[in-house]
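Hi,

Here is the structure I promised to send over. Have a look at it first, and then read on for what turned up.

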Amino acid sequence: MYGWRGRIGLIAPSSNTTMECELIRMLLKGVTLHTARVLQVVETERELLRKAEYAKRAAQELVSAGVDVILYGCSETK
């Protein structure tokens, strides 16, 4: 059974193409990674606030998948 040891949820920006690949390589046997994305177009103050709203929905989606923990991989630069 997949995720018998644990399920990790990841919230990642839509533009990120490396985070999942790197995390998957570090997982122990029996641990699975489940990702929800938040739209990231440009990093204006307005878009960063909008991304926070997207993150709330992404977290709800991951909770519905039964993850044990959620990682927020969206660092803010402003």
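So, what does the secondary structure of the chain come to? Two helices and three strands, and they follow the pattern β-α-β-α-β when you read along the sequence. Keep in mind that this is a predicted model.

Some overall numbers before the details. The chain has 78 residues, and 33% of them are buried. Its C-alpha atoms fill a box of roughly 40 × 25 × 15 Å along the principal axes. The accessible surface is about 5500 Å², with 57% of that belonging to carbon and sulfur atoms. If you take the contacts with a separation of 6 or more, 70% of them are between residues 24 or more positions apart.

Now the sheet. It is open, has three strands in the order 2-1-3, and the pairing is parallel. Strand 2 and strand 3 (69–72) are the edge strands, each pairing on one side only. From one strand to the next, the twist averages 25 degrees. Strand 1 (residues 6–13) pairs with strand 3 over four bridges, in the parallel sense, and I11 stands opposite Y72 in strand 3.

Both helices lie across strand 1, strand 2 and strand 3. Helix 1 (residues 19–26) runs at about 165 degrees to strand 2, while for helix 2 the angle to strand 2 is about 150 degrees.

Then there is the packing. Which residues form the largest nonpolar core? There are eight: I11, A36, V38, A55, A58, L62, V67 and C74. Strand 2 (31–38) and helix 2 (45–64) each supply at least two of them, and helix 2 gives the most, with three residues. A second, separate core has six residues, among them L10, A12, M19 and V31. As background, nonpolar side chains tend to be buried together in soluble globular proteins.

If you want one residue to click on, try V38, a member of the largest core. Setting aside neighbours within four places in sequence, V38 is in contact with I11, A12, P13, S14, K51, Y54, A55, A58 and C74. That list includes I11, A55, A58 and C74, which belong to the largest core as well, and also A12, which is part of the second core.

Over to you!

Cheers

How values were computed. Residues are numbered from 1 along each chain as its sequence is written. This is a predicted model: local features need pLDDT of at least 70, side-chain atom pairs count only at pLDDT 80 or more; totals for chains, interfaces and linings use all residues. Side-chain values use heavy atoms; hydrogens and water are left out. A nonpolar core is a set of buried Ala, Val, Leu, Ile, Met, Phe, Trp, Tyr and Cys residues joined through side-chain atoms within 4.5 Å. Buried means under 20% relative accessible area, exposed over 50%, partly exposed in between (1.4 Å probe, protein chains only). Contact means heavy atoms within 4.5 Å. Two strands pair if DSSP finds at least two bridges between them. Axes are lines fitted to C-alpha atoms, for helices over the stretch in contact, and angles run from 0 to 180 degrees between N-to-C directions. Accessible areas come from the Shrake-Rupley method with a 1.4 Å probe; for residues, only the protein chains shown count as cover.
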